[in-house]
Amino acid sequence: MAFVVPAPETVSLPVSGSADRFPVRRVYCVGRNYEAHAREMGLTEREAPFFFMKPGDAVVPVAAGTVGEIAYPSLTHNLHHEVELVVAIGTGGRDIPVSEATRHVYGYAVGLDMTRRDLQAQMKNQGRPWSISKGFDQSAPIGPVTPVSACGAIVRGAISLAVNGAVRQSSDVSLMIWNVAEVVAQLSAAWTLAPGDLIMTGTPEGVGAVASGDRMHGEIAGLVPLDVLVR
Ligand code: MN
């Protein structure tokens, strides 16, 4: 059997402390999961988590100690950074209870949910899907996955993003409205999770624009930092 067109390559992330890699299947994202960011996006009340997706091949893997690169995307004049805790699913399932959710996590990484904010605003205003604002090429630079066996469950710890050395986003993972276990449980009620799935768990306040030539540095306590240059 042969494929009639070239088969897509499997995108994969480096794994901290290993030569092996984490293969990426889907990328799920949580909207507005920190109260202060929800407020800056105009939301005033607590709401159930909502989800959107990026294509798996929108992931730009960034190795430890290196600077990843993304091209400034087309169709936008307002490219925003959103630093996020990324959950790497190791064991699949559906309707996973909160009490068992962390057992499905292989590890964690630092990621950026890059966003064409101007297009997102247009799509929101028109009641249209967000895909063009969130799921574009190279929209998900992500650093190495640290296995749970090395870092434990991430339920608290500083999360930050600096641009050209100036801190823009600074918060704590404990301030997530829906924690990792709750996100996994709710997501698995809507989709069957599988090994290789990534979940971007939402960004804290302080999102803002980056320009060509800017360098972003994301950190989450206990994980490998992420450095990305916008070309
Ligand atoms: Mn986000």
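Start with the open sheet of this predicted model: select five strands, which run in the order β6-β18-β17-β13-β14 with mixed pairing. Its edges are β6, residues 68–70, and β14, residues 166–172, each of which pairs on one side only. From one strand to the next, the twist averages 20°. As background, strands of a sheet pair through backbone hydrogen bonds, either parallel or antiparallel.

Stay in the sheet and select residues 158–163 together with residues 215–220. These are β13 and β17, which run antiparallel and are joined by five bridges. To look at one residue pair, pick S160: its bridge partner in β17 is E219.

Next, go to the manganese ion. Which residues are its protein donors? Select E82, E84 and D113: the donor atoms are OE of E82, OE of E84 and OD of D113, and they lie 2.0 to 2.1 Å from the ion. Along the sequence, the donor residues follow the spacing E-x1-E-x28-D. Colour by accessibility and check the two glutamates: both E82 and E84 are buried.

From D113, move to S139, since the list of contacts of S139 includes D113. S139 sits in the loop between α4 and β11, the latter being residues 140–142. Is S139 buried or exposed? Its relative accessible area is 0%, so S139 is buried, the cut-off being under 20%. Apart from neighbours within four places in sequence, S139 is in contact with K54, A58, L112, D113, M114 and K134.

K54, one of those contacts, is the next selection. Show it with F136: K54 lies over the face of that ring, at 5.9 Å from the ring centre.

Now turn to the aromatic residues. The model has five aromatic pairs. A pair of aromatic rings is described by the distance of the centres and the angle of the planes.

Select F50 and W130. This pair is edge-to-face, with 5.6 Å centre to centre and 90° between the planes. F50 belongs to strand β4 (residues 50–54), while W130 is in the loop between α3 (117–126) and α4 (131–134); the pair therefore ties together parts that are 80 residues apart in sequence. F50 has a relative accessibility of 23% and counts as partly exposed.

Keep W130 displayed and add F52. Here the ring centres are 5.4 Å apart and the planes stand at 50°, so the pair is tilted. Because F52 is in strand β4 and W130 in the loop between α3 and α4, this pair ties together parts that are 78 residues apart in sequence. Both F52 and W130 are buried.

For another group of rings, select Y28, F51 and W191, which ring pairs link into a cluster.

Finish with two backbone torsions. Select R32, in the loop between β3 (27–31) and α1 (35–40). What is the phi of R32? Phi is near 40°, a positive value in a residue other than glycine.

Then select L75, in the loop between β6 and β7 (79–81); β6 is also an edge strand of the sheet where the tour began. L75 is not a glycine, yet its phi is positive, at about 70°. With 59% relative accessibility, L75 counts as exposed.

Definitions and conventions. Residues numbered from 1 in each chain as written. Predicted model: local features only at pLDDT ≥ 70, side-chain atom pairs only at ≥ 80, totals over all residues. Heavy atoms only, no water. Donors = N, O, S within 2.8 Å, 3.2 Å for Na, K, Ca; no water. Buried < 20%, exposed > 50% of the residue type's maximum accessible area, 1.4 Å probe, protein only. Pairing = 2+ DSSP bridges. Helix = DSSP H or I, 4+ residues; strand = E, 2+ residues; numbered from the N terminus. Axes fitted to C-alpha atoms, helices over the stretch in contact; angles between N-to-C directions. Phe/Tyr/Trp six-rings, centres within 6.5 Å; stacked < 30°, edge-to-face > 60°. Lys NZ or Arg CZ within 6 Å of the ring centre and 35° of its normal. Contact = heavy atoms within 4.5 Å.
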